[in-house]
Amino acid sequence: MTGQRSDARRNYRLILAVAEAEVAAHGADASLEQIARLAGVGSATVRRHFPTRRALLEAVFQERIEVLCAHAHRLSAAEDGRTALLEWLRALVAYAVSARGFANILSYEPPTEELSPHSCGKRIEAAGDPLLQRAIRDKAVAPHVTFHDLLTLAVGIALATEHHEDPDTQAGRLFRLAVEGISPGGGTAEAPGNSGSSAPATKSLPNERE
């Protein structure tokens, strides 16, 4: 039994190492069969350790998740809640842009999907939502903004800039645009799907202070 457990641990580490390289090269759509071949194991062995593609991706990005969560915890002691939230969101966007496939594990999961409390999405939310709630209490963010809104924003920016010639710069520009708002002077805008009617423009993030 001890030998079997040792083999299983060795296979796990080998599969994970190969998966990290393949995901870095091909993103979230990296072939599980190719990972198995390069690791010298069968596809069944890969699926025994990682039952779903999401489980494999979460293992690949475990260290990045831990860094982001630790960063959120440090920022919780910052004096300014708005600054703390925006600094953490910038870090989240930067991580999602710099690592292919990372945005995919943060993207929306259907409500019918049973998620482990230790899943990347749950851990990110547990770390980042207190920063959002503090900013809301400080009236620096509108009370209707949810953590899912901010996560969707970060994921959207990362996926939209993935193939840009300078993704870091473009992602930073889009993030600033989201924070500043597209109409800082106020006014009204037509709501999508309601042609001919106007509604007050809303912002998911506060305007930058002057």
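Buried, as the word is used for helix 4 below, means under 20% relative accessible area, with exposed standing for over 50% and partly exposed for what falls in between. The views that follow are taken from a predicted model.

**Figure 1. Helix 4, a mostly covered element of the predicted model.** Helix 4 spans residues 53-60, and six of its eight residues are buried. The buried residues are Arg-54, Leu-56, Leu-57, Glu-58, Ala-59 and Val-60, a list in which Arg-54 and Glu-58 appear alongside Leu-56 and Leu-57. For the protein as a whole, 37% of the 210 residues count as buried.

**Figure 2. Overall arrangement of the secondary structure elements.** The protein has 10 helices and two strands, and the order of these elements from the N terminus on is α-α-α-α-α-α-α-α-α-α-β-β. Among the contacts in the protein with a separation of 6 or more, 66% are accounted for by residues that lie 24 or more positions apart.

**Figure 3. The salt bridge between Arg-10 and Asp-7 in helix 1.** The side chains of Arg-10 and Asp-7 meet in a salt bridge, with a distance of 2.2 Å from N to O. Both residues belong to helix 1 (residues 2-26), where, because they are three residues apart, they are separated by about one helical turn. Arg-10 is partly exposed, its relative accessible area being 44%, and Asp-7 is likewise counted as partly exposed, at 35% relative accessibility. The count of salt bridges comes to four, and two others are shown in the next two views.

**Figure 4. The salt bridge between Arg-100 and Glu-162.** In this pair the closest N and O atoms are 3.7 Å apart. The salt bridge links distant parts of the chain, since Arg-100 sits in the loop between helix 6 (81-98) and helix 7 (102-106), while Glu-162 sits in the loop between helix 9 (147-160) and helix 10 (167-180), 62 residues apart. Arg-100 counts as partly exposed at 35% relative accessibility, and Glu-162 is also partly exposed, with a relative accessible area of 33%.

**Figure 5. The salt bridge between Arg-134 and Asp-138.** The closest N and O atoms of Arg-134 and Asp-138 are 3.9 Å apart. Arg-134 counts as buried, at 18% relative accessibility, whereas Asp-138 is partly exposed, with a relative accessible area of 45%.

**Figure 6. Glu-22, a buried residue without a salt bridge.** Glu-22 is found in helix 1, where it is buried and yet has no salt bridge. The nearest side chain of opposite charge is that of Arg-37, which is 7.9 Å away; a salt bridge would require a side-chain nitrogen of Lys or Arg within 4 Å of a carboxyl oxygen, so the pair does not qualify. Leaving aside residues up to four places away in sequence, Glu-22 touches Gly-27, Ala-30, Gln-34, Ile-35 and Leu-38.

**Figure 7. The crossing of helix 6 and helix 10.** The axes of helix 6 and helix 10 come within 10 Å and cross at roughly 150°, and the crossing in which helix 6 passes helix 10 is right-handed. On the helix 6 side the contact is made by Arg-82, Leu-86, Leu-89, Arg-90, Val-93 and Val-97, and on the helix 10 side by Pro-167, Asp-168, Ala-171, Phe-175 and Val-179. These contact residues divide into eight nonpolar, no polar and three charged.

**Figure 8. Lys-139 and Ala-142 in the loop between helix 8 and helix 9.** Lys-139 has a phi near 60°, which is a positive value in a residue other than glycine. Most residues other than glycine have a negative phi. The place of Lys-139 is in the loop between helix 8 (120-137) and helix 9, and at 77% relative accessibility this residue counts as exposed. Ala-142 is found in the loop between helix 8 and helix 9 as well, but it counts as partly exposed, at 25% relative accessibility. From Ala-142 to Leu-132 the C-alpha to C-alpha distance is 10.0 Å, and the two are 10 residues apart in sequence.

**Figure 9. Pro-130 of helix 8 and Ala-72.** Pro-130 lies in helix 8 and is partly exposed, with a relative accessible area of 45%. Although Pro-130 and Ala-72 are 58 residues apart in sequence, their C-alpha atoms are 8.7 Å apart in space.

Technical notes
Residues numbered from 1 in each chain as written. Predicted model: local features only at pLDDT ≥ 70, side-chain atom pairs only at ≥ 80, totals over all residues. Heavy atoms only, no water. Buried < 20%, exposed > 50% of the residue type's maximum accessible area, 1.4 Å probe, protein only. Helix = DSSP H or I, 4+ residues; strand = E, 2+ residues; numbered from the N terminus. Lys, Arg positive; Asp, Glu negative; His and termini not counted. Contact = heavy atoms within 4.5 Å. Axes fitted to C-alpha atoms, helices over the stretch in contact; angles between N-to-C directions. Left-handed = near helix turned anticlockwise from the far one by under 90°. Nonpolar A, V, L, I, M, F, W, Y, C, P; charged D, E, K, R; others polar.
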